[in-house]
Amino acid sequence: MKTAQQDTEFMMNQKKREVQSYVRKLEKIFRALDHSGDGFVSWEEFEPLMLNPEMRLLLSTLGLEARDMDELFKLLDDGDGHLSTEEFID
């Protein structure tokens, strides 16, 4: 019984580390996109993501493809035309 509990705790800790790693990658992408430094990413800042090979590689590690970026922006945006850190990461 104790081994099963330890396995469960190990798996939960492993999942937590994976989520933290994913969030760090998203934060890195957001900072790279926010050229103006205003804490928001506009479509004009976001769109070049589809053409940048380094960003495309980073996105692929998250299971995302450049061809999905326009739809992703629309899904994440709350309608004001730019993404906040919270919209991007949550």
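Read from the N terminus, the elements of the chain follow the order α-β-α-α-α-β-α, in what is a predicted model. The secondary structure thus described comprises five helices and two strands.

As regards overall dimensions, the radius of gyration of the chain is 16 Å, whereas a compact globule of 90 residues would be expected to have a value near 12 Å. Along the principal axes, the C-alpha atoms of the chain occupy a box of roughly 55 × 25 × 20 Å. Of the 90 residues in the chain, 28% are buried, and the accessible surface amounts to about 6,500 Å², with carbon and sulfur atoms contributing 55% of that area. Among the contacts in the chain with a separation of 6 or more, 53% are formed by residues that lie 24 or more positions apart.

The distribution of charge was also examined. The chain carries 11 positive and 20 negative charges, and the mean position of the positive charges is 12 Å apart from that of the negative charges.

At the level of a single residue, Glu-44 offers an example that can be followed in the model. Glu-44 belongs to helix H2, which spans residues 43–46, and it counts as exposed because its relative accessibility of 60% lies above the cut-off, exposed being defined as over 50%. Although Glu-44 and Gly-81 are 37 residues apart along the chain, their C-alpha atoms are separated by 9.8 Å.

Note on methods: Residues numbered from 1 in each chain as written. Predicted model: local features only at pLDDT ≥ 70, side-chain atom pairs only at ≥ 80, totals over all residues. Heavy atoms only, no water. Helix = DSSP H or I, 4+ residues; strand = E, 2+ residues; numbered from the N terminus. Rg over C-alpha atoms; globule rule 2.2 N^0.38 Å. Buried < 20%, exposed > 50% of the residue type's maximum accessible area, 1.4 Å probe, protein only. Contact = heavy atoms within 4.5 Å. Areas by Shrake-Rupley, 256 points an atom, 1.4 Å probe, with all protein chains shown as cover. Lys, Arg positive; Asp, Glu negative; His and termini not counted. Charge placed at Lys NZ, Arg CZ, Asp CG, Glu CD.
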